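Open the model in your viewer and keep the sequence panel beside it. The tour goes from one selection to the next.

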Amino acid sequence: MPSGRAQPTEAIRNAVTLRTMTPENLDAVMAIEQAAYSHPWSRGNFRDSLNPLFDAQCLWLGDELLGYFLAMHGVEEMHLLNITVAPAHQGEGWGHMMLDALSLISRNVGAQTLWLEVRQSNARALQVYTRYGFVRVGLRKDYYPADRQQREHAVVMSLKL
């Protein structure tokens, strides 16, 4: 985790709550999604994922949304589709905290492996996932949209739970 930013105190870390994402949260989620990505998910992507096949969680500090994640249940596995920390709070450890929560949720539903894809150019995310224990297992060519009608490869990573 980059440490150019002051880390939250233990009291602040203990004050955050993880709550199921609801349709009422989508304005706050979309504000972060659009600020964080050049090719953000649509409101429809999030809305369609608010069902029992997915685990969608929001990390709150009071009324402030710090981040969120969305994962899809599979047979003995979980697939992380989106994990995002608000740009103003990146580097404070919230991503790691959400990965801890997702790992626990995944184990509780019987998952043995957690999967994800990440843009090949996203060095920061690759570093976070590698430090967390994910390993590279493949490459999906031309997986993500990129600028000027181009596509970008995705690194496929997995974590044994």
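**A charge over a ring**

Start by selecting Arg-13 and Trp-94. Arg-13 lies over the face of Trp-94, 5.3 Å from the ring centre. Keep in mind that this is a predicted model.

**Aromatic pairs**

Next, show the aromatic side chains. The whole structure contains five aromatic pairs. Select Phe-46 and Tyr-68: their ring centres are 5.6 Å apart and their planes meet at 85°, so this pair is edge-to-face. Phe-46 belongs to helix α3 (residues 43-48) and Tyr-68 to strand β3, so the pair links parts of the chain 22 residues apart. Are these two residues buried or exposed? Phe-46 is buried, with a relative accessible area of 0%, and Tyr-68 is buried at 0% as well. Add Trp-41 to the selection; ring pairs link Trp-41, Phe-46 and Tyr-68 into a cluster.

Now move to Tyr-132 and Phe-134. This aromatic pair is tilted, with 6.2 Å from centre to centre and 35° between the planes. Tyr-132 is buried at 17% relative accessible area, and Phe-134 is buried at 2%.

**The nonpolar cores**

Keep Phe-134 selected and add Phe-69, Leu-80, Val-118, Tyr-129 and Met-157. These six have the most contacts inside the largest nonpolar core, which has 28 residues. Among the elements that give two or more residues to this core are β3 (64-74), β4 (77-85) and α4 (94-108). The most comes from α4, with seven residues.

Centre the view on Leu-80. Its contacts include Phe-69, Leu-99, Trp-115 and Tyr-129. Finally, select Met-21, Leu-26, Met-30 and Trp-60, which are among the 14 residues of another core, apart from the largest one.

Notes: Residues are numbered from 1 along each chain as its sequence is written. This is a predicted model: local features need pLDDT of at least 70, side-chain atom pairs count only at pLDDT 80 or more; totals for chains, interfaces and linings use all residues. Side-chain values use heavy atoms; hydrogens and water are left out. A nonpolar core is a set of buried Ala, Val, Leu, Ile, Met, Phe, Trp, Tyr and Cys residues joined through side-chain atoms within 4.5 Å. Buried means under 20% relative accessible area, exposed over 50%, partly exposed in between (1.4 Å probe, protein chains only). Helices (H or I, at least four residues) and strands (E, at least two) are DSSP runs, numbered from the N terminus. Contact means heavy atoms within 4.5 Å. Rings of Phe, Tyr and Trp (its six-membered ring) pair if their centres lie within 6.5 Å; planes under 30 degrees apart count as stacked, over 60 as edge-to-face and the rest as tilted. A charge sits over a ring if NZ of Lys or CZ of Arg is within 6 Å of the ring centre and within 35 degrees of the ring normal. Lists of a residue's contacts leave out its neighbours within four places in sequence.
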